Amino acid sequence: MGMDLEQTQVGFEVMLGSADKARNMLADIDQFAKVTPFEPEGLRENAKLLLNFGIAQDKIMPNLKMLGDIAMGDAQ
């Protein structure tokens, strides 16, 4: 599990161009996971998907929150 998290960290660093931005994004995702029924792993994967589709970094968390509201807590 530690290796997966490290690989995720590196992936976000590459996509965001900065280790600090990656740490901040992952911290935001983990905080969001604590207050929702969504798992951090799924949120990280969805954030990566949004970044790969060209969504700006500052729009990732608002989009994840919006999608979570639309899904009404259903991760499927």
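**Exercise 1. State how confident the prediction is, overall and by element.**

Solution. The average pLDDT (the predictor's confidence in each residue, from 0 to 100) of the protein is 90, and 97% of the residues score at least 70. By element, helix 1 (residues 2–16) has the lowest mean, 86, and helix 2 (residues 19–34) the highest, 94. The model is predicted: local features need pLDDT of at least 70, side-chain atom pairs count only at pLDDT 80 or more, and totals for chains, interfaces and linings use all residues. Residues are numbered from 1 along each chain as its sequence is written, and side-chain values use heavy atoms, with hydrogens and water left out.

**Exercise 2. Determine the secondary structure and the overall dimensions.**

Solution. Step one: the protein has four helices and zero strands, where helices (H or I, at least four residues) and strands (E, at least two) are DSSP runs numbered from the N terminus. Along the sequence the pattern is α-α-α-α. Step two: the radius of gyration, taken over C-alpha atoms, is 12 Å, close to the 11 Å of the globule rule (2.2 Å times the number of residues to the power 0.38) for 76 residues, so the protein is as compact as a globular protein of that length. Step three: along the principal axes, the C-alpha atoms fill a box of roughly 30 × 30 × 20 Å.

**Exercise 3. Check the length of helix 3 and locate its buried side.**

Solution. Step one: helix 3 (residues 40–52) has 13 residues, which at 1.5 Å a residue (times one less than the number of residues) should span 18 Å; its end C-alpha atoms are 18 Å apart, in agreement. Step two: Pro40, Leu43, Arg44, Ala47, Lys48, Leu50 and Leu51 of helix 3 are buried, meaning under 20% relative accessible area (exposed is over 50%, partly exposed in between; 1.4 Å probe, protein chains only). Because these residues cover an arc of only 160° around the axis (directions from the helix axis to the C-beta atoms), they lie on the same side of helix 3. Step three: Gly54, with a positive phi near 90°, follows helix 3.

**Exercise 4. Identify the centre of the largest nonpolar core and the contacts of Ile29.**

Solution. Step one: a nonpolar core is a set of buried Ala, Val, Leu, Ile, Met, Phe, Trp, Tyr and Cys residues joined through side-chain atoms within 4.5 Å. Of the 16 residues in the largest one, Phe12, Ile29, Ile60 and Leu64 touch the most other members. Step two: helix 1, helix 2, helix 3 and helix 4 (57–71) each supply at least two residues of this core, and helix 2 gives the most, with six. Step three: leaving aside residues up to four places away in sequence, Ile29 touches Phe12, Pro40, Leu43, Arg44, Ala47, Met61 and Leu64 (contact: heavy atoms within 4.5 Å).
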